[in-house]
Amino acid sequence: MSNCAIVGINWGDEGKGRMVDLLTQDYDVVVRYQGGGNAGHTVINEKGKFALHLLPSGIFRSGVVNILGNGVAMDPENLWNEIQSVSAQGVAVTPDNLKISDRASVLLPWHRDLDSLEEARLADKKYGSTKQGIAPFYSDKYQKKTIMAGELFFPDHLKAHLADLLEWKNLTLTGVYGAEPYTMERLMAWVDDYCEKIKPYICDVGAFLKSAQDSGKKILFEAQLGSLRDLDYGIYPYTTSSNTTAAYAPIGSGFPGAKIDEVIGVVKAYSTCVGEGPFTCEWFGEEAEKLRQAGFEYGAKTGRPRRVGPLDIVATRYGVQVQAATNIALTKLDVLSYMDKIPVCTHYILNGKQIDNFPFPTLLNDTKPVIEYMDGWKCDISGVRRWEDLPVAAQKYVEFVEREIGCRIGYVSVGPERESIILR
Ligand code: GDP
């Protein structure tokens, strides 16, 4: 097997962390290339249960080197707290198995404040941010108004650069939001408390990745969120502020020449969505609550109840195309076992017409789902490990989805544990 990207096909929370945790056995390096501490990958393995936010999901495998690339929102406070908590659960995190790109831009303390201030200002028009500072961070990155991790090695330069940024940012904090200004003392305390702690992990990861590829090592690129949250191809403005697509992996990893041979898209057997924005196949009331409970659909980072509904073929087919997925992992099939009939959203109705293609975001609010029903299987499938042992109705559901989305389903997940997987 050669280099591979694992990406989300829908709105995120598809179970990417669990797939990366499983597949890292075949890879030498795992790279996070976008997003930040707003991610919430849940991983359950022999070491325990973990909710990873910034750390790549390869951190549990000995011998695997984990990289945080330049495309990541490098939040020293979040990362250090996560390193502490994972270490307390017996997982070693050292500069040998975690490397941070010196070109990763740093999420500064005021980014988190600005996120909350702006969501409060928007009130009922809020975007549903996780308030981890991601949108203000990426805005500042592209305005060239933050620092790169490598600057931490030049203390005099760092202090002068931070002083310039502080003067500029205080204009917004006080002038626009009427908030307290930051002081240099507070900023330098943050440098001492968190940035100094992560310094040993910072290096030129581009050089590391190039030599890894040259020496035949296999690299796994791990994305956060999913196609529909991609800044350019998702349901803007209800997207995240970075590119969640596999095509961004080489750029955001630190190794623009990286070759990606396989793109594994993760799809949940039903739909979930956290936060605001159009969600055509959304269920409400008792039906929704039952599915939410069955799948335990509460945000890994925020604890917020996720919006739920049946699998959306229209959105999923679009997600597969956006990611150029070559293989699909269908997760949480076991969760549907309680249903008599399995609902699937096969088309949308827009302005009285049936459509198959995912429309421009502004039109999504006017779409209605067309739901078809398939036979349920009504038995526990969480112990099944071979395709031929799955009930025929479950096999038919998987085959139907495969046909409709136009991509092979090579993995079927029937439980959160590492071994609860069926390879096809
Ligand atoms: P990610 O951000 O894409 O990694 O997804 P999350 O971690 O937010 O959500 C996936 C959740 O589903 C986690 O709690 C996983 O442990 C759980 N999970 C993953 N695959 C399966 C599965 O096949 N069956 C069940 N029951 N749970 C699963």
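A cavity, in the views below, is a set of grid points where a 1.4 Å probe fits but cannot get out. With that in hand, let us walk through this predicted model one close-up at a time.

**View 1. The whole protein holds three cavities of 30 Å³ or more.** Before zooming in, it helps to see the frame: the protein has 12 helices and 18 strands. Its radius of gyration is 22 Å, close to the 22 Å that the globule rule gives for 424 residues, so the protein is as compact as a globular protein of that length. Taken along the principal axes, the C-alpha atoms fill a box of roughly 65 × 50 × 35 Å.

**View 2. The largest cavity has a volume of about 40 Å³.** Which residues line the largest cavity? Asn10, Trp11, Gly12 and Glu14 do, together with Lys268, Tyr270, Ser271, Thr272 and Leu311. By residue class, this lining divides into three nonpolar, four polar and two charged. Keep an eye on Glu14, a lining residue here, as an oxygen atom of the ligand is 3.2 Å from one of its polar backbone atoms.

**View 3. The ligand sits among 17 residues, and Lys16, Gly17, Thr42, Asp334 and Ser413 come nearest.** Three contacts to ligand oxygen atoms are worth finding here. A backbone N or O atom of Lys332 lies 2.9 Å from an oxygen atom of the ligand. For Arg306 it is a polar side-chain atom that lies 3.1 Å from a ligand oxygen, and for Glu14 a polar backbone atom at 3.2 Å. Taken alone, the ligand exposes 580 Å², and the protein buries 91% of that. Two elements give two or more residues to the shell around the ligand, namely helix H1 (16–23) and strand E3 (41–45). H1 supplies the largest share of the shell, three residues. Sorted by class, the shell has three nonpolar, seven polar and seven charged residues.

**View 4. Lys332 has a positive phi of about 65° although it is not a glycine.** Where does Lys332 lie along the chain? Its place is in the loop between strand E13 (327–331) and E14. This is the residue already met beside the ligand, with a backbone N or O atom 2.9 Å from a ligand oxygen.

**View 5. A cis peptide bond joins Tyr236 and Pro237.** Omega is about 10° at this bond. Pro237 is found in the loop between strand E8 (219–226) and helix H8 (249–253).

**View 6. About 180 Å³ of space lies in the second largest pocket.** Helix H9 (285–295) and strand E14 (341–350) are the elements that give two or more residues to its lining. In sequence order, the lining is made up of Trp283, Glu287, Lys290, Tyr338, Met339, Asp340, Lys341, Pro343 and Tyr373. How do these residues divide by class? Five are nonpolar and four are charged, with no polar residue in the lining. Strand E14, which contributes here, also bounds the loop that holds Lys332, a handy landmark for moving between this view and View 4.

Terms used: Residues numbered from 1 in each chain as written. Predicted model: local features only at pLDDT ≥ 70, side-chain atom pairs only at ≥ 80, totals over all residues. Heavy atoms only, no water. 1 Å grid on protein atoms, 1.4 Å probe; cavity = no way out; pocket = protein on both sides within 12 Å on 5 of 7 lines; lining within 4 Å. Points joined across faces, edges and corners; volume = space filled by probe spheres on them. Nonpolar A, V, L, I, M, F, W, Y, C, P; charged D, E, K, R; others polar. Near = heavy atom within 4 Å. Polar contact = N/O pair within 3.5 Å; in protein donor to acceptor, adjacent residues only side chain to side chain. Areas by Shrake-Rupley, 256 points an atom, 1.4 Å probe, with all protein chains shown as cover. Rg over C-alpha atoms; globule rule 2.2 N^0.38 Å.
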